[in-house]
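Work through the exercises below with the model open beside you. Try each task before you read its solution.

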Amino acid sequence: MNCFDNGTVTCQGKRAEKVREALGLDDAGSHEANRDGRMSSRKVFVVYGHDLDARTQLEAMLRRWGLEPLIMDQLASEGATVIEKLEKYASDDVSFAVVLATPDDEGYPKGKPNEARPRARQNVVLELGMLLSKLGRERVAILLRHQTAIERPSDIHGLVYIPFEDSVEDARIQLAKEFAKRGINIGVESL
């Protein structure tokens, strides 16, 4: 077994298949070691609302970095509800989640339409909460479009938001740093 500084792990020898299986490595080598020595998947769960351009940009960037984005509408439903589908695909094999909080809806306190503010869709907020619970805060990044205007969910103040304006690419350096903290090497040349 060879472990490289970039986190890649390779197995050789007569029993390489059994070693890969025991370590949770697939044949494509899509796992690498975290700093604490545990194996990390290259799968990244993506949550989004109605901003399909931002979702497409994020998906392209993640693929360029050699990661495997899991996007709900591209995954088999098998008759499951959205919540069941999220629970199934956001399994322990997912190393990270990226939530796109984009100003797709508008909300205001009851009877105060003059206080209307843009906000993320309710499904995005629900899925964010589920992923925070399932993966932990350190494994969830929130990309926030138009951070000065958009309303943030009140119960999750204190989380780190990565701002972007027109393009998800604006957030690539900060997002790459979040992946690096979790031992997911994307390579500087990809930035």
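The exercises cover confidence, the sheet, one helix and the salt bridges.

This is a predicted model, in which local features need pLDDT of at least 70 and side-chain atom pairs count only at pLDDT 80 or more, while totals for chains, interfaces and linings use all residues. Residues are numbered from 1 along each chain as its sequence is written, and side-chain values use heavy atoms, with hydrogens and water left out.

**Exercise 1. Find which elements have the lowest and the highest mean pLDDT.**

Solution. Begin with the term: pLDDT is the predictor's confidence in each residue, from 0 to 100. The chain average is 83. A score of at least 70 is reached by 82% of the residues. Now go element by element. Helices (H or I, at least four residues) and strands (E, at least two) are DSSP runs, numbered from the N terminus. Strand 3 (residues 31-33) has the lowest mean, 46. Helix 2 (residues 52-64) has the highest, 96. Last, check residues 27-39: pLDDT stays under 50 there. For this stretch the model has 39 contacts (heavy atoms within 4.5 Å) beyond four places in sequence.

**Exercise 2. Give the strand order of the open sheet and name its edges.**

Solution. Two strands pair if DSSP finds at least two bridges between them. Five strands make up the open sheet, in the order 6-5-7-10-11, with parallel pairing. Strand 6 (68-71) and strand 11 are the edges. Each has a single partner strand, so one side of each lacks a neighbour in the sheet. Then look at one pair inside the sheet. Strand 5 and strand 7 are joined by five bridges in the parallel sense. Val44 has Phe96 in strand 7 as its bridge partner.

**Exercise 3. Sort residues of helix 5 into buried and exposed.**

Solution. Fix the cut-offs: buried means under 20% relative accessible area, exposed over 50%, partly exposed in between (1.4 Å probe, protein chains only). Leu175, Ala176, Glu178 and Phe179 of helix 5 (residues 172-181) are buried. Viewed down the helix axis, these buried residues fall within an arc of 155° (taken from the directions from the axis to the C-beta atoms), so they line one face of helix 5. Lys177 and Lys181 are exposed on the other side. Next, find the packing partners. The buried residues pack against strand 5 (43-47), helix 2, strand 7 (94-101), strand 10 (140-145) and strand 11 (161-164). Finish just past the helix, where Gly183 takes a positive phi of about 80°.

**Exercise 4. Locate three salt bridges and say which parts they join.**

Solution. A salt bridge is a side-chain nitrogen of Lys or Arg within 4 Å of a carboxyl oxygen of Asp or Glu. By this rule there are nine.

- Asp93 bridges to Lys43, with the closest N and O atoms 2.8 Å apart. Asp93 sits in the loop between helix 3 (82-89) and strand 7, and Lys43 in strand 5, so the pair ties together parts 50 residues apart in sequence.
- Arg64 bridges to Glu169, with the closest N and O atoms 2.7 Å apart. Arg64 belongs to helix 2 and Glu169 to the loop between strand 11 and helix 5, so this pair ties together parts 105 residues apart in sequence. Arg64 is partly exposed at 42%, and Glu169 is partly exposed at 25%.
- Glu178 and Lys181 meet at 3.3 Å, N to O. Both lie in helix 5, three residues apart, about one turn of the helix. Lys181 is exposed at 55%, whereas Glu178 is buried.
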